[in-house]
Amino acid sequence: MIALGPLLIFLAIGFFAWLLFTLAVFAVPVFAGVTIGLRAFHTGAGALGGIAVAFAAGAVTFGIGQLALALVTWAWLRLLTIILYVAPATVAGYSATHGIAQMAMSSPTWQTVFAIAGAVAVSITALARFTGMAADGPAR
């Protein structure tokens with residue numbers, strides 16, 4: 001039983017790191033869902049109602065971005081849509097990696113280096129996931 005404890009702690013840390021960076025990749029839909037879900041909860045929707053509204057708001061926010069990428073024919077508007085969804089993911093990735101790096105090392109320089117590397121990794125992942133799920137070309 002004592003050997004199982006460290007393994008479970010390692011798995012739990014890995015799960016929460018995966019969850020943190022997955023939520024960072026989808027920063028805009030998660031933020032919209034949490035914000036609207038909390039608003040619904042505080043206006044009397046209850047816990048289940050708030051959760052349902054949060055999932056719906058996140059899905060609608062993500063769907064609007066995918067629909068914009070699929071239907072818009074102007075390259076500058078597609079780029080603006082991509083930036084609108086990827087820039088917050090980059091900031092969230094930087095913040096998440098910096099928070100983990102602060103717990104792991106004491107040098108502020110290396111904390112910043114790892115935080116920038118995490119931001120780049122999250123922004124590339126967000127760009128690949130967001131543009132990869134949309135249609136290949138604009139609808140005509």
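The structure, a predicted model, holds 1 cavity of 30 Å³ or more. About 60 Å³ of space lies in this largest cavity. Three elements each give two or more residues to its lining: helix 2, helix 3 (75–104) and helix 4 (108–132). Helix 4 contributes the most, with 3 residues.

The lining of the largest cavity consists of Val25, Phe26, Pro29, Phe62, Tyr85, Val86, Ala126, Arg129 and Phe130. By class, 8 of these residues are nonpolar and 1 is charged. No polar residue takes part. The charged residue is Arg129, because Arg is counted as charged while Val, Phe, Pro, Tyr and Ala are counted as nonpolar.

The model also contains pockets, which are open sets of points. The largest pocket has a volume of about 200 Å³. Its lining is made up of Leu23, Pro29, Val30, Gly33, Val34, Ile51, Ala54, Phe55, Gly58 and Ala59. Helix 2 (residues 27–71) supplies the largest share, 9 residues. The lining of the largest pocket divides into 8 nonpolar and 2 polar residues, with no charged residue. The two polar entries are Gly33 and Gly58, because Gly is counted among the polar residues.

Pro29 appears in both linings: it borders the largest pocket and also the largest cavity. Helix 2 likewise serves both sites. It gives the largest share of the pocket lining, and it is among the elements with two or more residues in the cavity lining.

Methods:
Residues numbered from 1 in each chain as written. Predicted model: local features only at pLDDT ≥ 70, side-chain atom pairs only at ≥ 80, totals over all residues. Heavy atoms only, no water. 1 Å grid on protein atoms, 1.4 Å probe; cavity = no way out; pocket = protein on both sides within 12 Å on 5 of 7 lines; lining within 4 Å. Points joined across faces, edges and corners; volume = space filled by probe spheres on them. Helix = DSSP H or I, 4+ residues; strand = E, 2+ residues; numbered from the N terminus.
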